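Open your viewer, set the cartoon view, and keep the selection box handy. We will walk from one stop to the next, and at each one you can check what is there.

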Amino acid sequence: MADQSPAAVEFADFSLWYGTFQAIYGVDLAVKEGKITSMIGPSGCGKSTLLRSVNRINERLGYVRTEGHVRVLGHDVYAAENSLVQVRKQVGMVFQRPNVLPLSIRDNILFGHRLHDGGKDAEDALLESALRQVLLWDDVKDRLNRRAQGLSLEQQQKLCIARLLPVKPRILLMDEPCSALDPKGTEAVEELIWELRGAYTILLVTHNMAQARRASEECVFMLMGKLIEHTATDQMFVSPRCPETADYIEGRYG
Amino acid sequence: MFDATPRNLKDARREGLVRILFLLMTALLVLPVLLILGVLVAKGGSALSWDFLFTEPTDGMTAGGLLPALVGTIWLVVIALIVSVPIGIAAALYLSEYAPDNWLTRAINLAIINLAGVPSIVHALFGVGAFVIFFGFGTSILAASFTLAVMTLPVVIVSTREALQAVPQSFREACWNMGATRWQTIRKVVLPNSISGILTGVILEVSRTAGETAPIMFTGAAFFLPFLPESVYDQTMAMSLHLFVVATQVPNVPDNLPFGVALVLIGMVLAMNAISIAFRTWLRRKKKW
């Protein structure tokens with residue numbers, strides 16, 4: 001199914017229910033390839049849910065029902081013929097709290113690679129390039145066989161990003177990746193996210209408007225499960241189109 | 001301005017009282033353990049000898065050793081574990097890692113918990129009906145072991161499930177998110193991080209299996225059978241039943257004999273536990289970091 005649009009991720013009239021509670025109402029959204037798109041909105045507005053629909057990680061809850069389509073690189077991830085494993089290979093996710101596995105740094109980075117039957121010979125090169133991409137190589141190159149949980153939170157979160165890279169995803173989903181970090185760590189991870197733009201399509205959920213403004217090129221504002229506005233970040237913060245967006249940005253609710 | 005009010009003093013007195021009360025209760029818990037061990041060693045220590053462990057009972061069970069019972073109990077425990085541990089772990093894995101959270105799963109969980117509370121004599125009757133008669137094992141080691149396995153299964157399932165659920169959800173998410181299937185997640189992350197908890201549950205079951213008397217009384221344990229079992233279809237003597245027999249059913253038993261049997265039974269359970277704990281420690285150490 002060919003798709004002319006250059007959208008990396010595309011929601012088409014997408015709705016989602018948790019049991020009887022409707023969390024997402026008919027969202028249409030095209031996320032541009034290679035850009036950083038931030039998603040902002042008050043707590044419970046459905047931004048995390050929308051993010052989690054892209055790699056279908058919501059579904060383990062068992063009572064999730066969806067309507068409409070989510071297309072990743074032109075392919076419907078909810079279509080029966082598409083393998084969830086292959087979808088998740090293309091779509092990496094970073095969580096609020098760094099969730100490094102209780103393994104060595106090396107085994108963490110190579111976990112996905114080994115899962116997908118990657119060759120042994122490539123391991124060292126992949127390890128180094130992944131760690132270099134997240135600016136962690138110099139910090140950890142002498143202790144690759146130490147446990148990853150001994151790293152600082154900032155380093156752990158970078159490791160979680162690095163861990164996605166060896167399987168060569170096209171899209172990175174980030175669910176408030178800095179919310180567990182101190183200001184210095186936040187700055188470092190934001191810088192890293194900014195560095196990764198272009199190479200990956202990044203969808204960034206954040207409750208921090210300053211972060212959305214600093215670290216994204218496109219911005220999506222959601223409210224009560226609906227998509228209210230989607231424009232370039234600069235424009236959203238300077239001259240929002242919708243009154244709800246303006247109210248939120250100016251801090252009248254949140 | 002920081003003077004204690006009467007209310008503060010009263011609360012402080014109560015605090016001290018409660019603390020002492022709880023401490024006393026804890027001490028009370030330790031007391032029976034020490035007393036049991038002390039009495040057993042004092043009264044049964046004189047019965048212990050190599051002959052006691054490695055010969056058959058003689059003179060109508062008033063003399064000789066307890067080798068057949070010792071060997072019989074090892075058979076029973078080992079076979080019961082071979083049956084119940086794999087089934088129990090598989091069931092717990094399904095319930096914890098695969099089953100959706102719906103009314104059926106909740107009903108199954110409730111059933112398992114209730115099954116764990118069924119008295120062992122009821123399991124004995126079930127064992128007679130199911131294994132001795134229906135499956136035609138006859139009264140045999142096999143029937144007795146299976147009965148013990150059925151009795152221990154729910155506890156293995158519950159303790160395994162608790163160990164599995166102690167593994168943080170974020171580990172699983174990290175794996176799924178990289179495209180791991182549930183089984184890959186279980187094998188690479190969930191099991192390595194829960195194996196010591198699972199083994200703890202199994203260790204507890206070893207003790208219970210070795211000590212139970214009722215489930216084996218009608219299904220495979222013999223009153224007096226001074227030979228070693230040759231196959232799983234034989235009946236066998238067992239430590240727990242042997243203790244009951246020499247303590248209450250046989251006339252003219254020397255005083256120290258029942259206590260000696262009890263001492264060996266406890267020693268055996270402790271030895272089995274020690275082996276499992278050593279295995280657990282080895283597993284933990286094998287995990288590199």
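Start by selecting Ile40(A) and Phe221(A): within β9(A), Phe221(A) is the bridge partner of Ile40(A). What you are looking at is a predicted model, in which local features need pLDDT of at least 70 and side-chain atom pairs count only at pLDDT 80 or more, while totals for chains, interfaces and linings use all residues. Residues are numbered from 1 along each chain as its sequence is written, chains are lettered from A and ligands numbered from 1 in the order in which they are written, and side-chain values use heavy atoms, with hydrogens and water left out.

**Strand β9 and its partners**

Widen the selection to strand β3 (residues 36–40) of chain A, which runs parallel to β9(A) and is joined to β9(A) by 4 bridges. Strands here are DSSP runs of E with at least two residues, helices are runs of H or I with at least four, and both are numbered from the N terminus; two strands pair if DSSP finds at least two bridges between them.

Now colour residues 218–223 of chain A. How many residues of strand β9 are buried? The count is 6 of the 6, so β9 of chain A is largely enclosed by the rest of the structure. Buried means under 20% relative accessible area, exposed over 50%, and partly exposed in between (1.4 Å probe, protein chains only). In a regular strand, side chains alternate between the two faces of the sheet. Show the side chains: Glu218(A), Val220(A) and Met222(A) point one way, and Cys219(A), Phe221(A) and Leu223(A) the other way.

Next, add strand β10 (residues 226–232) of chain A, antiparallel to β9(A) and joined to it by 6 bridges. Glu218(A) has Ala232(A) of β10(A) opposite. At the hairpin, 2 residues lie between the strands, and Met224(A) takes a positive phi near 50°.

**The whole sheet**

Zoom out to see the open sheet of 6 strands in chain A, ordered β6-β7-β8-β3-β9-β10 with mixed pairing. Its edge strands, each pairing on one side only, are β6 (91–94) and β10 of chain A. Select β7 (residues 171–175) and β8 (residues 201–205) of chain A, which pair in the parallel sense over 5 bridges. Here Asp175(A) has Val205(A) in β8(A) as its bridge partner.

Helix α6 (residues 153–164) of chain A packs on the sheet and touches β6 and β7 of chain A. α7(A) also packs on the sheet, touching β3, β7 and β8 of chain A. Contact means heavy atoms within 4.5 Å.

Pause at Thr186(A), which lies in helix α7 (residues 183–196) of chain A. Thr186(A) counts as buried because its relative accessibility is 12%. Beyond its neighbours within four places in sequence, Thr186(A) contacts Cys178(A), Leu181(A) and Gln211(A).

**A helix pair in chain B**

Move to chain B and select helix α3 (residues 67–98) and helix α8 (residues 182–211), whose axes come within 10 Å and cross at roughly 140°. Axes are lines fitted to C-alpha atoms, for helices over the stretch in contact, and angles run from 0 to 180 degrees between N-to-C directions. Among the residues of α3(B) that meet α8(B) are Val77(B), Leu81(B) and Ile89(B). The residues of this contact between α3(B) and α8(B) divide into 14 nonpolar, 2 polar and 2 charged. Ala, Val, Leu, Ile, Met, Phe, Trp, Tyr, Cys and Pro count as nonpolar, Asp, Glu, Lys and Arg as charged, and the others, Gly among them, as polar.
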